[in-house]
Amino acid sequence: MVTRVETETFIRFQLDQLGALNRHHDFESLCFRIAQRRISSNILPATGPVSSGGDQGRDGETFFSSLPEELPKAGGFVGRATTEPLVIACTIQRNELKNKVKDDLKKITSQGQPVARVAYFLAQNMPVGMRHDLQEFAREEHEVDLEIFDALAISTFLAEPDLVWVAEKFLDLPSNLVPANELSLPQWYQDLQRRVRSSDGLLNSPGEFAAVRAGLRHATNDPDAQNDLAEWLQYAHSFVDLSSNLAVPEDLQMKARYEIVVATLRGKDTLAGVEGYIDDFVAYSATTSIAGDLQDASALISYWQGAWAAGLATTTSAHLMAQLQLILDRVDELLADTDRDVYPNATAHLLAARAHILFHPDVTGMVRTPGAPVRRTDTSEMSFQEILSKAESAEELKIQLDPLMDTLSDLAALLPKARMFPVQTTCDLFEAFSPVLAAHRNYETIRNALDDALSSVEGDNAVAERCRSRALSLFKSNKPLLALREFHKAKISWFHGETLRGSVLAMLTISGLYSNLKLPHAAKKYALTAASIAVSSQNSDVIDLASDSLIRAFNACYGAGAWLDATALSQLALQAHGTYAEEAFDHEHHPELVGLDFHQTMICMVARKFRPELVETLTELLSATDYDKQIWPYVDELESTFAYDEASFAETTLAELGMLPFSDTGATRALTFSALGTHWNITCTNDGPTVLAAERFAAAAQILLCELATEDPVLLDESVLVEIRLAGPEYKERVELRPDNNQLSAVVSLLPYTNHTDAEDLEQEILHAVGVLLIRLSALSQEQVLDMLGDAFSRGFLSQLSFGRPYDETAGLLDKAHYQRASQINHQIIDTRSTVAKPASTLEQPSSYGPGFSESEWHDMIKERYEVSKVIGFTVARLLRNATCLRILEELRSEGWLDWHLLTAIYNVATNYRVNQEIGDDRSPERIRQVTQGLVNRAETPNTPNIPLHHFSKENLQQAFERATLTIALRLGLQISRETPNFIGVRRLLDRRYGFMHDVPHDDLLADASISR
């Protein structure tokens, strides 16, 4: 292999021959190219030949712009290049070099623009002492810095990978003396560069442009090729150089402009000198009928907007929006002239271009100080994805969301016919903006249509990748519920033999998301499904995930408070880990083991402190893998730092973690969780089959609540007590509601699982049971809830609920003896203060106004309450004059009652009393209705019989107001589908979401009475 020394020796020999052959033009050219690479890319060549003196001693000079600013990503020599104006001079003279340099310095400094530095290239070597003398002379006599590059320095430069081609071209360096390229540049790129260099810049054909474009893009994006960027830009400019005699087609000129703009911005972090190219391209696209040109114009404006916002462009916000409107108008013209039924593919291209345009933010009215960014200081260093993550809505990004989504909807509807339309770019944009698009009503429809189109081209694997990418984007944007949907879809699309690992990983991610949402039974379901699939696959690329899956299941049991189950599962997880994982017990290599150790240590520490009788049981379980020998020393080490007493520990774990420790012990097992204002307590006898059925039910309820959370099912703020029992198919009443005004209480009977049980039967009964409870929990009508469930099914909810083998099978890992032991030791750590489990923040009950609520209409309704109360004016006056009644009213006000609350309760007590007085013996519904209608608006008079004041007791007023809340809820469009409604739950919902604590200006009901007393 040739060495650099051999190459440099040959180059020095050839340099010496230049003088002998008088090849000054070749030397000038090679020096010019060295200077461009090593000093500054913006060197202008001399205007006269060296021999004639027409160049004023200058063979090249710069205008103010240099490599460190142009190539901020490049390092090495470029990173150290000067930023001062300089002149290039060169000579092939052999003798009297000192005098030659002095003469040229005089010419350079006495004519033309001032200069700070001179780079002088010599074809001969110069002694170091002479060089230093000349540098001192230049400083003292001409006040310039002089750098001398003699033959030795030039040969070193020309032997380097990015300049060796200059030696090949001008010094006839043979190929066998070209040293190996030390940079990691791909061979195709090196071949392409060699081919373009050999063209002498005579570039005008589409094929030549394709070659230049490929090289330019690589130099823009590859740090190792960054030093080539100026050269490739020079080649690209040759396609738009109007002074050239070569005829270049207009479309090729415009494509070159596009590439130059993008490369200049991305490679040099500036648009200096090329903004006019964007205007040229936009003007051209506004007359074209090609959708691709319009989309390219939109892309250029996107770059322009970004550069303008960062202070890298000189345009204005008004000009940006005018150019954007110009191409949007052209797209709309073309769409109006295109028959989508005859030309679906052309229409799809135009719709995609329109959507691309509408993705731009509206910067109308924004003003930026020249040279300064328009962004806020707190976002100036943020990536595009981080900005999207911080944005609460499309409106915050100044995107016209409805026109954009309408355009995408039109495109989505057309995709089945437009089979030739390349959907990839639109998918990329949709994916990137998904955090701010996901809340739109059409998001799901558009997403599914894009995925279906992509699937038909790239297969399910591509769809799964898109789902995963969108899910990660949504998760980073703090939208875990929407991310869950995407991961659920990914797990299905990846569920093929070749891509099974992706499916299992998606399931583990789903399990983790449910855990983060404090829904441990859904998390356990997916962790164990993943474990089952990994083990049954017998695929070496998948089976190693079995241990990770079992550790996830352990974590889910820990989060559910099922600490005996968790301890038993830890042994299965460790056995699987030792079997399938590489470097199985290296904690640095497997950080999941650290979490396993911590949680198991916590279980044992709590048992030793509060339930010492469990220590023997836990030790026996852990001894299957000798895990006890590792965990108990951890307990000894950490026990002194555990400062809780039992009561505070129980309260904390329930409120913060949503579980009670050792809730899997005792004759009755409890499963607890909270979501959307509902607080669930699912109980069952503590035997294996019933426990698995209860967990199956709890997982289904949790998955459904997650799916409906984004739709706002308007659930009451109340507790849900569900007792799970097993019953055969002959038992028809699967859900029995218990009368209870304080909570929703039910007995749910489920089929026991056997090897012969139809999985579809299990699925249907769970759906029925959870659906019945949801209808009772929601303040919406049954039809609204069923529509919501229908929408969930259309989004693929069924595949979330049932995927893989039945739950009872995948979760049936613990034997009968385990459940018998758990049922015989009742060591639950109970919260004696009745603390409610705190839900994850994402699943807190909404505090926004409920669906259909109008604040103005509600305030009108409150005014109506004050007006209606005037019909009982005499009764109100009597109450205010009575000390006992007044004290009751004051007590109620101190408890938070508003005046219209008091008047509503008084009105209802008075009306009910008078109805009962007038109704007589005929108490038929028709008679009650007639009497009530007659009394509702009948104003009291001095002759109206007085109502005994003892009827207005505090208890009667409270009961009357409770009943009134149901009437008010009905007027607000809500429906409470319960024979024994939870008045407190309804009231909490009205307070939180329907303005029940609002009031309107009015006279203080109690003011005069309090003063007179």
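Is Thr-690 buried or exposed? In this predicted model, Thr-690 is buried, with a relative accessible area of 5%. Thr-690 belongs to helix α32, which spans residues 688-709. Beyond its neighbours up to four places away in sequence, Thr-690 touches Cys-684, Thr-685, Ile-724 and Leu-726.

The chain as a whole was examined next. Its secondary structure comes to 45 helices and 10 strands. The chain has 1013 residues, and 52% of them are buried. Among contacts with a separation of 6 or more, 73% join residues 24 or more positions apart. The exposed area is about 45200 Å². Carbon and sulfur atoms supply 51% of that area.

The nonpolar interior was then considered. The largest nonpolar core holds 258 residues. Tyr-514, Trp-680, Ile-682 and Phe-697 have the most contacts inside this core. Helix α32 gives the most to the core, with 14 residues. The contacts of Phe-697 were listed without residues up to four places away in sequence. Phe-697 touches Trp-680 and Ile-682, which are themselves among the residues with the most contacts in the core. Phe-697 also touches Val-722, Ile-724, Val-748 and Leu-750. Further contacts of Phe-697 are Ile-766, Ala-769, Val-770 and Leu-773. Ile-724 is thus touched by Phe-697 and also by Thr-690. Apart from the largest core lies another core, of 33 residues. Its members include Phe-27, Ile-92, Ala-123 and Val-164.

Helix α6 offers a view of how one helix is placed. Helix α6 covers residues 128-142 and has 15 residues. From its first C-alpha to its last, α6 reaches 21 Å, close to the 21 Å expected at 1.5 Å a residue. Arg-131, Leu-134, Gln-135, Ala-138 and His-142 are buried in α6. These residues lie on the same side of α6, because they cover an arc of only 100° around the axis. An α-helix has 3.6 residues a turn, so residues three or four places apart point the same way. The buried residues of α6 pack against α5 (97-110) and β5 (145-149). On the other side of α6, Glu-140 and Glu-141 are exposed. Glu-143 follows α6 and has a positive phi, near 55°.

Cysteine pairing was also checked. A disulfide is a covalent bond between the sulfur atoms of two cysteines. The count of disulfides in the model is zero. Why does Cys-31 form no bond with Cys-90? The closest cysteine sulfur to that of Cys-31 is in Cys-90, 4.6 Å away, and this is too far for a bond. The cut-off for a disulfide is 2.5 Å between the sulfur atoms. Cys-31 is buried, with a relative accessible area of 1%. Cys-557 is buried as well, at 2%.

A loop position completes the survey. Pro-186 sits in the loop between α8 (164-170) and α9 (187-197). Pro-186 counts as partly exposed, because its relative accessibility is 23% and the partly exposed class runs between 20% and 50%. Leaving aside neighbours within four places in sequence, Pro-186 is in contact with His-218 and Asp-222. Pro-186 and Ala-225 are 39 residues apart in sequence. In space, their C-alpha atoms are 9.9 Å apart.

Definitions and conventions. Residues are numbered from 1 along each chain as its sequence is written. This is a predicted model: local features need pLDDT of at least 70, side-chain atom pairs count only at pLDDT 80 or more; totals for chains, interfaces and linings use all residues. Side-chain values use heavy atoms; hydrogens and water are left out. Helices (H or I, at least four residues) and strands (E, at least two) are DSSP runs, numbered from the N terminus. Buried means under 20% relative accessible area, exposed over 50%, partly exposed in between (1.4 Å probe, protein chains only). Contact means heavy atoms within 4.5 Å. The expected span of a helix is 1.5 Å times one less than its number of residues. The arc is that of the directions from the helix axis to the C-beta atoms. A nonpolar core is a set of buried Ala, Val, Leu, Ile, Met, Phe, Trp, Tyr and Cys residues joined through side-chain atoms within 4.5 Å. Accessible areas come from the Shrake-Rupley method with a 1.4 Å probe; for residues, only the protein chains shown count as cover.
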